[in-house]
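This briefing goes through the structure shown below topic by topic, starting with enclosed space and ending with backbone geometry.

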Amino acid sequence: MPQDYDVAIVGGGHNGLVAAAYLARAGLRTVVLERRHVLGGAAVSEHPFGPDFTVTSLSYVVSWLPPSLVRDLDLVRHGYHVYPQGPYFAPRVDGRHLQLPDDKAARREQIATFSAKDADAVERWDEWMDGLGKVLGPLISDIPPKLGSHRPADLARQALLLRRLKDVDERKAVDLTRLLTSSAADLIEDVFESDAMRGVLSVSAVIGSWAGPRTPGTAYVIAHHHIGDLGDGRIGAWGFPRGGMGGVSQAIASAARSFGAELRTEAPVARISTRGGETTGVVLEDGTEIAASTVITTAHPQISFLRLLDRADLPDGFVEDIERYKSRSGTVKINVALDRLPEFTSRPGFDPSVHGGTIVLAESLDEVETSFQEAAAGRASTLPFADICIPSVFDPTLAPEGKHVMSMFTQWVPHTWNKHRHDHELELYADRLFARMEAVAPGFTDSVLHRQILGPYDIEHEYGIVGGNIFHGELTMGQMFHARPAAGYADLRTPVRGLYQAGSATHGGGGVTGVPGRNVVHQVLADRKRAQWRDRARLPQRRPASGS
């Protein structure tokens, strides 16, 4: 007999867990079905080097998890804690470095060693980016209206969008247009002249993307990284969660269980069941049937709609949109266990603002662009760039005393490497990256105890992220806001009644935000309430008793 629930959630990543917590809190019988042996999806802490070292396999910092969500689910009580991340630190092979501390005077002084013009420009740049981020931030947390729809309810939501934009004047409207359509290079090179500044900013523009800094549309990705809040009001703030990113997922999972949600691991879903255009539940790979009038999928859309559903149950236009949906990536994530911290030629000794910040290996914008062009031509980058963090500087639970774990988020290899293993080529790629690190921190290679290399194939086949794209889709104008992941369905509903989507491929996804998981609950509860009203309206009216 089928096991009965109100809601079945496909995927136990952080968005699925957020949805489960809110739904269970609302009193709905909710079950989460996770394919892997551990909850968390891309926000998961694992032990590839044995029990002594805890690494965050894929995602590695938290920024966008809304403070209101943390409060709603009482995550602090369930173990959620974030150590604020330090500033950018970019060591260079000529023995110099660029650091971008929060203190404005110190930041100006750092930049001035490379360019007085850049030092004068940086404060205006930050204010400009933060201003645009404040406009875009609320839009990312909203459920987009159905632009182009003439239905009264949709027109009302479109009017609400205009209210969101009421403070956008003519100047800001032009700035937003430039931001959404220009290449990062167009913006960066207009403002900054030094290779040091251009290199660091170009990494922010392309991280996680299948695009170089000269690709139109990459300017937006810079602003994307200016949108964030750790709860202390700082826009663009980032931090390391205690216990790695799995600490975030485990806190949400604990909250969900406290509200009564059931969370299952090693429970892969084989198909989403439908009848007459409505979902009836799911069937697991072992044949177990889960009956549920509401199903929420957090899987990549090409998994959800092209593998778990019969395409005949979906409109042709929708299927075509999903087939065309782009989530290419050339990302390689390298996790490292170290027996000591790296010592940089340009900044010897331990400094928490250096070792506890973001270490960027990128000498110039042109170098980053060349790396992308090599991968686009089918070759792994000769000089891959890296975004590096050492969270064990703050969190002693991640490694034995005196030892450390390092996360190296790197690009690029050909995006087609998601189809087959390329272990030997990835080892050579990692060797080249380690040589870059050795050039600015002599002795680094000797300090490495273990390394784990996760290329596009591993990211897709082990973690279910098609193409290995961390945003579950390319951040281009054709795949943003009301167009993500398909025309007419950015509101988290789908063509199948009772089936919803809440993964990182939805609008508001990308990054560990929990926003899709929270937003889908609003849709589910609103739709259930409307259905209850319709059912009451259909009930026959009781006739008054005779003689009354």
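The largest cavity in this predicted model has a volume of about 130 Å³, and the count of cavities of 30 Å³ or more comes to 6. Besides these enclosed spaces, the second largest pocket has a volume of about 840 Å³, and an open sheet of 7 strands takes mixed pairing.

**The largest cavity**

- The lining of the largest cavity is made up of 14 residues, and those lying nearest its centre are Val55, Thr56, Pro391, Val405 and Ser407.
- Two or more lining residues come from each of strand 4 (55-56), strand 8 (239-241) and strand 16, and strand 16 provides the largest share, with 3 residues.
- Sorted by class, this lining holds 9 nonpolar and 5 polar residues, with no charged residues.

**The second largest pocket**

- The second largest pocket, with its volume of about 840 Å³, is lined by 30 residues, of which Arg493, Gly498, Tyr500, Asp527 and Arg534 are the closest to its centre.
- The elements giving two or more residues to this lining are helix 5 (152-164), strand 11 (278-284), strand 12 (289-297), strand 18 (499-501) and helix 18 (515-538), and helix 18 gives the most, with 8 residues.
- By class, the lining of the second largest pocket has 13 charged, 9 nonpolar and 8 polar residues, whereas the lining of the largest cavity has no charged residues.

**The seven-stranded sheet and its helices**

- Strands of a sheet pair through backbone hydrogen bonds, in either a parallel or an antiparallel sense.
- The open sheet of 7 strands follows the order 7-6-14-15-16-13-17, and its pairing is mixed; its edges are strand 7 (97-100) and strand 17 (448-454), each of which pairs on one side only.
- On average, and with direction ignored, neighbouring strands of this sheet are turned by 20° against each other.
- Strand 6 (residues 88-91) pairs with strand 7 in the antiparallel sense over 4 bridges, and with strand 14 in the parallel sense over 2 bridges.
- Phe89 takes part in both pairings, as Phe89 stands opposite Gln99 in strand 7 and has Ile359 as its bridge partner in strand 14; for Tyr88, the bridge partner in strand 7 is Leu100.
- Helix 8 (residues 195-206) lies across strand 6, strand 7, strand 14 (358-361), strand 15 (385-389) and strand 16 (404-411), and runs at about 55° to strand 7.
- Helix 15 (residues 423-440) lies across strand 6, strand 13 (331-338), strand 14, strand 15, strand 16 and strand 17, and runs at about 130° to strand 17.

**Hairpins**

- The hairpin of strand 6 and strand 7 has 5 residues between the strands, and within this hairpin Gly95 takes a positive phi near 90°.
- Strand 10 (residues 269-275) and strand 11 run antiparallel and are joined by 6 bridges, with Thr274 standing opposite Thr279 in strand 11.
- In the hairpin of strand 10 and strand 11, there are 2 residues between the strands, and Gly276 takes a positive phi near 60°.
- Strand 11 also belongs to the elements that give two or more residues to the lining of the second largest pocket.

**Aromatic pairs**

- Across the whole structure, a search finds 12 aromatic pairs, among them Tyr83 with Phe394, a stacked pair at 6.4 Å centre to centre and with 10° between the planes.
- This pair links distant parts of the chain, since Tyr83 belongs to strand 5 (residues 82-84) while Phe394 sits in the loop between strand 15 and strand 16, 311 residues apart.

**Backbone geometry to check**

- Most peptide bonds are trans, and most residues other than glycine have a negative phi.
- Against that background, a cis peptide bond joins Gln411 and Trp412, with omega about 5°, and Trp412 is found in the loop between strand 16 and helix 15.
- Glu266 is not a glycine, yet has a positive phi of about 50°; Glu266 is found in the loop between strand 9 (262-264) and strand 10.

Technical notes. Residues numbered from 1 in each chain as written. Predicted model: local features only at pLDDT ≥ 70, side-chain atom pairs only at ≥ 80, totals over all residues. Heavy atoms only, no water. Pairing = 2+ DSSP bridges. Axes fitted to C-alpha atoms, helices over the stretch in contact; angles between N-to-C directions. Contact = heavy atoms within 4.5 Å. 1 Å grid on protein atoms, 1.4 Å probe; cavity = no way out; pocket = protein on both sides within 12 Å on 5 of 7 lines; lining within 4 Å. Points joined across faces, edges and corners; volume = space filled by probe spheres on them. Nonpolar A, V, L, I, M, F, W, Y, C, P; charged D, E, K, R; others polar. Phe/Tyr/Trp six-rings, centres within 6.5 Å; stacked < 30°, edge-to-face > 60°.
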